[in-house]
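Reader: Could you take me through one metal site and the terms behind it? I like to see how each label is earned.

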Amino acid sequence: MASIDLHFHSRASDGALSPTEVIRRAHGRSASLVALTDHDCLTGLAEARAEARALALPFLNGVEVSVSWGVKAQTVHIVGLGFDSDDPVLLAGLDAVRQGRIERAREMAAQLARVGIDGAFEGAMAVCDNPEQVSRTHFARFLVEQGHVKDVRTVFRKYLTPGKPGYVPHHWAALADAVGWIVGAGGVAVIAHPGRYDLGRTLTERLINEFKAAGGEGIEVASGSHSLDDLHKYALIAQRYDLWSSAGSDFHAPGEGGRDVGVTDDLPPICRPVWELLADRVQA
Ligand code: AMP
Ligand code: MN
Ligand code: MN
Ligand code: MN
């Protein structure tokens with residue numbers, strides 16, 4: 001296992017721990033390089049960076065941008081690493097991506113009410129620090145807390161995914177914009193958890209080509225949402241498309257399933273680790 005984790009969340013978006021707590025947890029699990037990558041916001045970075053510095057834990061700025069891609073407007077996530085967190089174009093872009101989450105949450109709650117689940121808007125907001133960051137994860141936590149469903153994973157299966165009550169499609173950033181903001185701010189763009197998209201061979205190739213044309217350079221090979229087969233599959237894809245390989249747990253909360261923070265699978269030896277590209281942007 002590698003002690004590098006370049007993808008996880010805090011309460012600034014849909015994680016359950018504060019930036020300080022999640023950095024402490026990563027440090028406690030012997031992490032040697034971390035990046036906090038909250039969804040569509042940089043709010044947690046200053047606090048996380050300060051805690052990492054206090055613990056002498058090397059730190060990279062991070063973000064996970066929500067994108068709608070392709071003719072079906074499928075959701076794809078792009079991780080940004082090592083950018084300038086004061087870059088005005090990046091900040092304005094993320095601001096625009098966050099717009100509409102509250103309206104979407106109202107619509108989600110209306111759909112859930114039709115299947116007998118009341119008060120979901122207020123319930124999700126009650127477990128969310130920042131209203132404009134309200135996400136499906138906050139709804140999932142509310143549904144579990146209320147005893148409607150036994151765990152977060154089951155909520156997504158029964159309620160919050162396409163075709164199920166409570167799923168409201170949303171229009172996120174364009175791929176070229178998200179990559180452009182990250183690269184323009186001096187960062188490296190990485191395709192997050194490619195194993196989750198169910199794109200097939202042709203669309204995967206198209207996504208990677210468009211991503212590279214926009215200036216994207218990396219792909220997550222080791223991910224908390226990847227199986228061992230995915231790890232090897234995406235290592236080969238990284239090699240074939242000449243992409244740098246990243247590693248991230250995608251940790252959100254203790255006990256919510258998936259990998260804990262701070263530790264990821266070793267990259268297969270054919271990979272070029274993205275942290276070699278980012279060495280000059282690490283804040284120690
Ligand atoms: P949103 O940005 O509001 O659409 O919420 C997306 C978030 O929901 C992701 O970042 C994950 O944290 C979570 N999520 C999506 N699908 C699942 C799933 N199948 N199981 C658990 N969490 C999920
Ligand atoms: Mn999330
Ligand atoms: Mn994601
Ligand atoms: Mn994530």
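Author: Happily! Buried means under 20% relative accessible area, exposed over 50% and partly exposed in between, with a 1.4 Å probe and protein chains only. This is a predicted model, where local features need pLDDT of at least 70, side-chain atom pairs count only at pLDDT 80 or more, and totals for chains, interfaces and linings use all residues. Residues are numbered from 1 along each chain as its sequence is written, chains are lettered from A and ligands numbered from 1 in the order written, and side-chain values use heavy atoms, without hydrogens and water.

Reader: Why is His77 called buried?

Author: His77 has 14% relative accessibility, and the limit is under 20%, so His77 counts as buried.

Reader: What makes Glu64, His77 and His193 donor residues of the manganese ion (ligand 3)?

Author: Donors are N, O and S atoms within 2.8 Å of the metal (3.2 Å for Na, K and Ca); water is not among the atoms, so sites may look incomplete. Glu64 (OE), His77 (ND1) and His193 (NE2) coordinate the ion at 2.1 to 2.2 Å, so they qualify as donors. The pair His77 and His193 links distant parts of the chain, 116 residues apart.

Reader: How do you know that strand 3 and strand 4 pair?

Author: Strands (E, at least two residues) and helices (H or I, at least four) are DSSP runs numbered from the N terminus. Two strands pair if DSSP finds at least two bridges between them. Strand 3 and strand 4 run antiparallel with eight bridges, so they pair. Ser66 has His77 as its bridge partner in strand 4.
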